[in-house]
Amino acid sequence: MLKEAITYSIARDQHVRLVQLTDPHLFADDEGHLLGVNTANSLAAVISTVKALSYPADLLLATGDISQDFSASSYRNFVEAIQPLQLPCHYLPGNHDDPRIMHLHMQGERIYGQQRILIGNWQLLLLDSTVRGKPGGHLADAEWQLIRDAIAAEPDRHVLIVMHHNPIKVGCAWLDQHWLDNGDELLAELAQYPQIKGVLWGHVHQQLDKHYPSQDGMIKLMATPSTCIQFKPQSSYFALDMVQPGYRLLELRADGSIITNVYRVPGERFSPDVQSSGY
Ligand SMILES: Nc1ncnc2c1ncn2[C@@H]1O[C@@H]2COP(=O)(O)O[C@H]2[C@H]1O
Ligand SMILES: [Fe+2]
């Protein structure tokens, strides 16, 4: 049975504005570092950058790898860190999250794990692409069913699919072994629905903007930089990039088009250990 959606009271002719934060990899300890970057500090810097833009967002999407150490405190730290944005937050799990600990400790006013959001002329579907104990992703039958049922229930709304893993390979062989292993099948099915307008994910710690042809035009494919370390695009072996932590803003237009941009923390404050060979 289709789970109830959370509904926002935004008129159908209004645009919907989203902030996406992904892969913060937080620790219980505020001094926790991932390959030379203090992940609490880099998340705080990203949040200051978002705030400085005064973007009139309706909600925040947190697309997984919230934690690096599976600790309860890392999730509480995330809830605390996003407070300055004063936005409702919808989260989904990444391969570095423990879903049980995450649900227990991602608590607070307007913090939701809900899978389905109705807002303006849109339906947002937050999927769980994780496989327990594995870095790579797989979309399970229940998630496919959610997509079909949600579209059948709200056929007049445009749909944005949101998940942690990449349904296409990004061109980094070491990382692409951990992609969504049924991504090809997923995109082929999504292309059959005129409602589907975009697919948004994290996981790859780099920006990517592409299109996938569908019956009704194009599906926008969007990957977003992590709020901490960045992976070097098009590198066959593990390599970090010196570009700064970032985030994505999206404007979902009432007509089904998506205007989006990635932004990064200004300056050169965060420099990861480029000698590292993984984590
Ligand atoms: N050198 C490496 N080779 C393959 N996988 C790695 C390496 N280093 C890290 N990983 C895994 O690949 C994942 C990609 O992004 P994640 O943040 O999910 O976390 C990473 C690790 O789980
Ligand atoms: Fe990650």
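**Close-ups of a predicted model**

**View 1. Lys220 and the company it keeps.** Skip the neighbours within four places in sequence, and Lys220 is in contact with Lys197, Gly198, His211 and Ile258. Keep in mind that what you're looking at here is a predicted model. Lys220 itself sits in strand β15. Is this lysine buried or exposed? Lys220 has 20 other C-beta atoms within 10 Å, so it counts as buried; the cut-off for that label is 20 or more. Now look for Val243, which is 23 residues away from Lys220 along the chain. The C-alpha atoms of these two residues are 23 Å apart.

**View 2. Strand β15 and its partner β13.** Zoom in on β13, which covers residues 196-201 and pairs with β15. The two are parallel, with four bridges between them. Which residue stands opposite Lys220 of β15? That's Gly198, which also turned up among the contacts of Lys220.

**View 3. Strand β15 and its partner β14.** Here β15 (residues 217-223) meets β14, and this time the pairing is antiparallel, over seven bridges. You can trace the chain from β14 to β15 through a hairpin with two residues linking the strands. Try picking out a couple of facing pairs. Ser214 is opposite Gly217 of β15, while Leu208 is opposite Ala223 of that strand.

**View 4. The seven-stranded sheet.** Step back a little and the strands from the last two views turn up in an open sheet of seven. Reading across, the order goes β1-β8-β9-β12-β13-β15-β14, and the pairing is mixed. Which strands stand at the edges? They're β1 (6-7) and β14 (208-214). Each has a single partner strand, so one side of each has no neighbour in the sheet.

**View 5. Helix α4 across three strands.** Look for helix α4, made of residues 141-153. This helix lies across β8 (116-119), β9 (122-126) and β12 (158-162). Compare directions and you'll find α4 running at about 165° to β9.

**View 6. The six-stranded sheet.** There's another open sheet to find, this one built from six strands. Its order is β7-β6-β5-β2-β18-β19, again with mixed pairing. At the edges are β7 (111-112) and β19 (258-264), each of which pairs on one side only. Helix α1 (residues 39-53) packs on this sheet, where it touches β2 (16-21), β18 and β19. The directions of α1 and β18 make an angle of about 35°.

**View 7. The hairpin of β18 and β19.** How many bridges join β18 (residues 246-252) to β19? Seven, and the two strands run antiparallel. Tyr247 faces a fellow tyrosine, Tyr263 of β19. Further along, Leu249 has Asn261 of β19 as its bridge partner. The hairpin has five residues between its strands, and Gly256 takes a positive phi near 100° there.

**View 8. Two loop residues with positive phi.** Leu35 isn't a glycine, yet its phi is positive, at about 45°. You'll find Leu35 in the loop between β3 (33-34) and β4 (37-38). Leu35 has 17 C-beta neighbours inside 10 Å, so it counts as partly exposed. Gln86 also has a positive phi without being a glycine, with a value near 50°. Its loop runs between α2 (72-81) and β6 (89-91). With 10 C-beta neighbours inside 10 Å, Gln86 counts as exposed.

**View 9. The surroundings of ligand 1.** Which residues come nearest to ligand 1? Out of the 13 around it, they're Asn95, Pro135, Trp174, Phe238 and Gly278. Sort the shell by class and you get five nonpolar, six polar and two charged residues.

**View 10. The whole chain, for orientation.** Zoom right out and the protein chain has six helices and 19 strands. Its radius of gyration is 17 Å, close to the 19 Å that the globule rule gives for 279 residues, so the chain is as compact as a globular protein of that length. The C-alpha trace spans about 50 × 40 × 35 Å along its principal axes. Buried residues make up 43% of the chain. Among contacts with a separation of 6 or more, 72% come from residues 24 or more positions apart.

Note on methods
Residues are numbered from 1 along each chain as its sequence is written. Chains are lettered from A and ligands numbered from 1 in the order in which they are written. This is a predicted model: local features need pLDDT of at least 70, side-chain atom pairs count only at pLDDT 80 or more; totals for chains, interfaces and linings use all residues. Two strands pair if DSSP finds at least two bridges between them. Two residues are in contact if their C-beta atoms, placed from the backbone, lie within 7 Å. Axes are lines fitted to C-alpha atoms, for helices over the stretch in contact, and angles run from 0 to 180 degrees between N-to-C directions. The radius of gyration is taken over C-alpha atoms; the globule rule is 2.2 Å times the number of residues to the power 0.38. A residue is buried if 20 or more other C-beta atoms lie within 10 Å of its own, exposed if 12 or fewer, and partly exposed in between; C-beta atoms are placed from the backbone. A residue is near a molecule or strand if its C-beta atom, placed from the backbone, lies within 6 Å of it. Ala, Val, Leu, Ile, Met, Phe, Trp, Tyr, Cys and Pro count as nonpolar, Asp, Glu, Lys and Arg as charged, and the others, Gly among them, as polar.
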